[in-house]
Amino acid sequence: MNLPMRLILLGLGWAMVGLGIAGIFLPLLPTTPFLLLAAWLFSRSSPRLEQWLFDHPMFGRPLRDWRESGAISRGAKFLAIALMAVGFLIFWLRVEPSVPAAAIVAMMMIAAGLFIVSRPEPF
């Protein structure tokens, strides 16, 4: 891979790590999808940084579980569904959306929730 493309992928990877870390502290901003994307970007640009993510004490295990078997732990599933419910409640109370807008958001969250619940759990 040429150097400019590698630098772009590295920069995007670090941006995804930053967004993932922000997602730890900001409600409704996911963490794991950004870290999965960072791992993919690092796999193309820096195997050393990819390995760093997979060996990380906090992020490594969920990333490895996902890569190896598409698995999500029971605790992570529960937390994700609970936070989506809280997020929808905040949306409902603060934005006061129309019924069609609330229904669209609810359907998207239900679809995401069903996907999460349908994933296997790691051994």
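This is a guided tour of one protein chain, with a suggestion at each stop of what to select next and what is there.

**The whole chain**

Before selecting anything, keep in mind that the model is predicted. Show the whole chain as a cartoon, and you should be able to find 6 helices and 0 strands, so that reading along the sequence gives the pattern α-α-α-α-α-α. The C-alpha atoms fill a box of roughly 50 × 35 × 20 Å when the box is taken along the principal axes. Of the 123 residues, 29% count as buried. If you switch on the surface, you are looking at about 8,200 Å² of exposed area, of which carbon and sulfur atoms supply 74%. Among the contacts with a separation of 6 or more, 56% are between residues 24 or more positions apart in the chain.

**Helix H1: Met16 and Ile21**

Select residues 3–25, which form helix H1, and then pick out methionine 16 within helix H1. Is methionine 16 buried or exposed? Methionine 16 counts as buried because its relative accessibility is 12%, and the cut-off for buried is under 20%. Leaving aside residues up to four places away in sequence, methionine 16 touches Phe34, Leu37, Ala38 and Leu41. A distance label is useful here as well: from C-alpha to C-alpha, methionine 16 and proline 33 are 8.8 Å apart in space, while in sequence they are 17 residues apart.

Now move along helix H1 to isoleucine 21, which counts as partly exposed at 35% relative accessibility. Add Ile24, Phe25, Leu26 and Met58 to the selection, and together with Ile21 you have a nonpolar surface patch of about 520 Å².

**The loop between H2 and H3: Ser46**

Select serine 46, whose place is in the loop between H2 and H3. Although it sits in a loop, serine 46 counts as buried, with a relative accessibility of 6%. If residues up to four places away in sequence are not counted, serine 46 touches Arg6 and Leu10.

**Helix H4 and its neighbours**

Select helix H4, residues 60–69. Which residues of H4 are buried? They are Gly60, Leu63 and Asp65, and the buried residues of this helix pack against helix H2 (32–45) and H3. At the other end, H4 is followed by glycine 70, whose phi is positive, near 65 degrees.

Within H4, show the side chains of arginine 61 and aspartate 65, which meet in a salt bridge with an N to O distance of 3.2 Å. These two residues are 4 residues apart in helix H4, about one turn of the helix. Their surroundings can be compared by eye: arginine 61 is partly exposed at 42% relative accessibility, whereas aspartate 65 is buried, with a relative accessible area of 7%.

**Charged pairs across the chain**

Side chains of opposite charge can pair when their charged atoms come close. The chain has 10 positive and 6 negative side chains, and the centres of the two sets lie 4 Å apart. How many salt bridges are there in the model? The count comes to 4 salt bridges.

Select glutamate 50 and arginine 67, which form a salt bridge in which the closest N and O atoms are 2.6 Å apart. This pair links distant parts of the chain, with glutamate 50 in helix H3 (residues 47–55) and arginine 67 in helix H4, 17 residues apart. Glutamate 50 is buried, with a relative accessible area of 14%, while arginine 67 is partly exposed, at 46%.

For the last stop, select arginine 74 and glutamate 121, whose side chains meet in a salt bridge of 3.1 Å, N to O. Arginine 74 lies in helix H5 (residues 74–95) and glutamate 121 in the segment after helix H6 (99–118), so that this pair, too, links distant parts of the chain, 47 residues apart. Arginine 74 is exposed, with a relative accessible area of 61%, and glutamate 121 is partly exposed, with 31%. Finally, add Lys77 to the selection, and you will see Arg74, Lys77 and Glu121 linked in a network of salt bridges.

How values were computed
Residues numbered from 1 in each chain as written. Predicted model: local features only at pLDDT ≥ 70, side-chain atom pairs only at ≥ 80, totals over all residues. Heavy atoms only, no water. Patch = residues over 30% accessible without salt bridge, like charges linked within 9 Å, V, L, I, M, F, W, Y side chains within 5 Å. Areas by Shrake-Rupley, 256 points an atom, 1.4 Å probe, with all protein chains shown as cover. Buried < 20%, exposed > 50% of the residue type's maximum accessible area, 1.4 Å probe, protein only. Contact = heavy atoms within 4.5 Å. Lys, Arg positive; Asp, Glu negative; His and termini not counted. Charge placed at Lys NZ, Arg CZ, Asp CG, Glu CD.
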